[in-house]
Amino acid sequence: ESITTTNHPLPTAQITPSGPTTFCTGGSVDLTASGGTGYLWSTGSTSALLQATANGTYTVTVTDGNGCTDSESIAITVFPLPTALITPSGPVSFCNGGSVDLTASGGTGYLWSTGSTSTTITVSTSGTYTVTVTDGNGCTDTEFITTTEYPLPTALITPNGPTSFCNGGSVDLTASGGTGYLWSTGATSATITVTTSGTFTVTVTDANGCTDTES
């Protein structure tokens, strides 16, 4: 009596990535297995195609028509994203003529919505300013900050009569245009009574803390 044996060759498992196997968090790469008729990934998937989004080693076991198997592995590296941060040098709300420095951190490269690539920009107008931070792995994160530029008040002095008068006379000067007043005499009322010659100045402050001066 005789018996015939057959020694089947093993399949050759192969994994082909659709792109780079190193990428930033939020990215992915498709891994396609070949070399057999059945596939079992270390993730539990039995599809020939697997989308990898996490850091780690992915292994596929390939089975051919004879039930023979071979395994192949591929390492995927997922870089964490940087954390973009904008630090203002002072209040982000300021009066016309003021400004604030905005300094970005968290990476090695910076691109502001203004087009600037410096770490720090000086802002003097209202708006939303965005910075994209890039780290050494080429991964990016974006942060924004909103600034407010307040207009200046308009100081006005209204006399209740002629500003030239005889000794013993007077004139009332009434300031308007804000919520707070400081006269060159030291008075903080809206109206002062003037009985002498001179130049009288008032600084008007509005609700935002912005000022204007009139004489």
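C24 is partly exposed in this predicted model, with a relative accessible area of 21%. A disulfide links C24 to C139, with 2.1 Å from sulfur to sulfur. C24 belongs to strand β2 (residues 22-24) and C139 to the loop between β13 and β14, so the bond ties together parts that lie 115 residues apart in sequence. The chain as a whole has 20 strands and zero helices.

**Disulfides and cysteines**

- The count of disulfides comes to two, and they follow the pattern 1-3, 2-4 when bonded cysteines are counted along the chain.
- For C24 and C139, the torsion about the S-S bond is about -95°, so this disulfide is left-handed.
- C139 has a relative accessible area of 0% and is therefore buried, the cut-off being under 20%.
- The other bond joins C95 and C210, whose sulfur atoms are 2.1 Å apart.
- Because C95 sits in strand β9 (residues 93-95) and C210 in the loop between β19 (202-205) and β20 (211-214), this pair connects parts that are 115 residues apart in sequence.
- The S-S torsion of C95 and C210 is about -95°, so this disulfide is left-handed.
- C95 counts as partly exposed at 21% relative accessibility, whereas C210 counts as buried at 0%.
- C68 has a relative accessibility of 16% and counts as buried.
- C166 is exposed, with a relative accessible area of 65%.

**D135 and its surroundings**

- D135 is located in the loop between β13 (127-134) and β14 (140-150).
- A relative accessibility of 15% is under the 20% cut-off, so D135 counts as buried.
- The side chain of D135 comes to 2.9 Å from the backbone nitrogen of C139, and C139 is the cysteine bonded to C24.
- Leaving aside residues up to four places away in sequence, D135 is in contact with P80, P82, G107 and T108.

**A three-stranded sheet**

- Three strands form an open sheet in the order β1-β3-β5, and their pairing is antiparallel.
- The edges are taken by β1 (14-17) and β5 (49-52); each has a single partner strand, so one side of each has no neighbour in the sheet.
- On average, neighbouring strands of this sheet are turned by 30° against each other, direction ignored.
- Strand β1 is joined to β3 (residues 29-34) by four bridges, and the two run antiparallel.
- P17 has L31 in β3 as its bridge partner.
- Strands of a sheet pair through backbone hydrogen bonds, in either a parallel or an antiparallel way.

**The chain as a whole**

- The strands number 20, and the helices zero.
- The radius of gyration is 37 Å, well over the 17 Å that the globule rule gives for 215 residues, so the chain is more spread out than a compact globule.
- Taken along the principal axes, the C-alpha atoms fill a box of roughly 145 × 25 × 20 Å.
- Of the 215 residues, 24% count as buried.
- Among contacts in the chain with a separation of 6 or more, 41% are between residues 24 or more positions apart.

Methods. Residues numbered from 1 in each chain as written. Predicted model: local features only at pLDDT ≥ 70, side-chain atom pairs only at ≥ 80, totals over all residues. Heavy atoms only, no water. Buried < 20%, exposed > 50% of the residue type's maximum accessible area, 1.4 Å probe, protein only. Polar contact = N/O pair within 3.5 Å; in protein donor to acceptor, adjacent residues only side chain to side chain. Contact = heavy atoms within 4.5 Å. Pairing = 2+ DSSP bridges. Axes fitted to C-alpha atoms, helices over the stretch in contact; angles between N-to-C directions. Disulfide = S-S within 2.5 Å. Rg over C-alpha atoms; globule rule 2.2 N^0.38 Å.
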